[in-house]
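Colleague: Could we go through the salt bridges in this model together? I would like to hear the reasoning behind each answer.

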Protein chains: 2
Amino acid sequence: MVSRRIVLAVALATALSAPALAQQLAPPAVPDLIVQKQVFDMPSYTTLGGQTIRNVRVGYQTAGTLNADRSNAILITHFFSGNSHAFGRFAPGGPPGYWDAIIGPGKAIDTNRFFVISVDTLVNLNTGDPNTTTTGPATTNPDTGRPWGMAFPVVQIGDFVNVQKALVESLGIRRLHAVMGASMGALQAYDWAARHPDMVGRIVPVIAAAEADAFLIGWLDLWAAPIRLDPNWNNGDYYGREPPNRGLATSLALVTMHALHADFINATFGRQPADPARDPAAALDNRFRVQQFLADAGAARARVSDANHFLYLVKANQLFVAGGGTGAEGLARIRAPTLLLYAPTDLVFLESAVERTRAAIAAGGTRVEAHRIEGPRGHLNGIAHIAPLGPRITAFLTQ
Amino acid sequence: MVSRRIVLAVALATALSAPALAQQLAPPAVPDLIVQKQVFDMPSYTTLGGQTIRNVRVGYQTAGTLNADRSNAILITHFFSGNSHAFGRFAPGGPPGYWDAIIGPGKAIDTNRFFVISVDTLVNLNTGDPNTTTTGPATTNPDTGRPWGMAFPVVQIGDFVNVQKALVESLGIRRLHAVMGASMGALQAYDWAARHPDMVGRIVPVIAAAEADAFLIGWLDLWAAPIRLDPNWNNGDYYGREPPNRGLATSLALVTMHALHADFINATFGRQPADPARDPAAALDNRFRVQQFLADAGAARARVSDANHFLYLVKANQLFVAGGGTGAEGLARIRAPTLLLYAPTDLVFLESAVERTRAAIAAGGTRVEAHRIEGPRGHLNGIAHIAPLGPRITAFLTQ
């Protein structure tokens, strides 16, 4: 019973970065796409806030071939808890990237036709994952020889974008055919279009609006709160000591729950106890299975994540307005045709917020096409149930 | 600026128990209804789990007059963070009860016609409020002379109901004309109808379904998690020491946010900074106004609340199935005509969960009438925007 429970929890925890689901959903027709992790180095980067970070490093992976005029590049930007592993496998039979169902040879985003790049953001959460390379509070500050901790500058979604811009320019690319991402990845896509309109041919923002409204800012605050309650957090000064993983696990459990929907949670767990021998009514600590799932999912994710990076990611998302400034200004600068994919049951980015974004971009005269993603998972439908949108994505990319 | 911020935060924090809103929304035509807090004592109560609690005390208040055949009593049951102060004022000009807009002389629930009783639950949250009387972990255990703490038995919604049953029976009432409550109050209304069908004439469950599904169980788990992270919680043993009010404040901030909706949060706060002199982009700790609101609302509520009571309330809600047993069994026992009021934008009890309850009660042949509560506040519409439903409530109570 215990082992089944653990297997389930791990399977579902993994679903946050979604390779397990992608594995189920991807058609087995084509051979595995093998990708290699690469690292982009910048001697120094100056943030939008005017602070300089030396030795910036971010990971990335590519598939396909850049054509002669370097016009076939598509950039994939990742979600809050994700990384650049959007497609392919690092070894045959290994776990696929989170959007492997739609990216690869012969797939909706066809790597026989497009050169696809996916990049780790600054302050990426997965500092304990060998396939993530990022720069943030957990990184050694070259000026002190110790981790930055809370001395790391505040970074914004626009900083993630500007580091990506340096990378794509280093590859000789002047203009991206498209930028596509889910959730925080969609924020980056909007920001690319608003901040660097001449460099973006089109965008595919998935499950997100073009600014963080008060509702999102408030929820992000609550996501972060458990970390600050953990005494091991110690105002961010915990490197070389016991990390605040109890708080971080609770934060990640909140993200997990918020990214799912009642349809999935109820169908998966019902009112089953975590342990049939321990009736939840018999003692305060006897749990239901959904409680055990949240605890296990949070703990599993916390083991490879960094609490300060979580706080910096929260801040970057809270600060987000496409292109900076006010939402209206940024959206008015978006000229890239937009394919907006959203989940009507999304509890992170409500349909109403996505609709406001759609209307604002359309009001500027830019072509916006919006389609629903169906599925039981709410926000996470944008990762786990993207496959049926494949033909729409292909049509949009090739028109 | 600071004072305006505090005033706003207090006003909004108060909105959780909603007297401020009721004050705005209540028609000023009738003179203040003055109510007095009373206390019901039980020498001992044995829980559904078979454990005995001595010296059980719960507060209650009444309005109107019990008629000769004692057939005109309506019981009002309160929500998670509320208490028995549903109507009237303790002194002229004092804050009104949370449903004062619909309960009083000449109002939808007319106290010139009905004898209305409202009762504090066991393990009520508001242990620091002089107008709340409850029995729970913070109460002195007569056997030890010290607070019960985590030795207090697990209690269920059915225990709240059974203590209420003892109270109404002590008043000579054999059958309630109606039971009505919002959120956790609605759970009590469903439970009354399923557990004591001969004693309930009709029920008015507002903003809730008739069982805690996995989605609710999971969210309640996350509401409780911050308390357990606060080192002052100390496994529930903190009486006479510094209480875990940082954790409790975060838990209450989560409840506050979850009970509201983007429509209200965005219109109220937008992307304004908490302090115009401290740009949120300039430092990790510089906040938006919605963050300050959540912190202030949580802290204000924590000052009069008890963390262990919060955990016991969470447990009672997680265990809830109308009438105990499985949902289907309990709902099949509901014979009381049901007026189900719900908010389509509710993020705690989703419309789909309420609809399942409606269909299940109706399938048993019981008459169910369902109406929407409109407003920007999501779940909290059931408290703050109940007034327009007044005529429907009156018609249902008098047919």
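Modeller: Gladly! A salt bridge is a side-chain nitrogen of Lys or Arg within 4 Å of a carboxyl oxygen of Asp or Glu. This is a predicted model, where local features need pLDDT of at least 70, side-chain atom pairs count only at pLDDT 80 or more, and totals for chains, interfaces and linings use all residues. Side-chain values use heavy atoms, with hydrogens and water left out, while residues are numbered from 1 along each chain as its sequence is written and chains are lettered from A.

Colleague: How many salt bridges does a search of the whole structure find?

Modeller: The search runs over all chains. Its total is 28.

Colleague: With which residue does Asp237(A) form a salt bridge, and is that partner buried or exposed?

Modeller: The N to O distance in this pair is 3.6 Å, and the partner is Arg241(A). Buried means under 20% relative accessible area, exposed over 50%, and partly exposed in between (1.4 Å probe, protein chains only). Asp237(A), at 43%, is therefore partly exposed. Arg241(A) has 53%, so this partner is exposed.

Colleague: Which residue forms a salt bridge with Lys37(A)?

Modeller: Lys37(A) is partly exposed because its relative accessible area is 21%. Its partner is buried, at 2%. The closest N and O atoms are 3.3 Å apart, and the partner is Asp120(A).

Colleague: How far apart are the closest N and O atoms of Asp100(A) and Lys107(A)?

Modeller: Both Asp100(A) and Lys107(A) are buried. They form a salt bridge, and the distance between those atoms is 3.1 Å.
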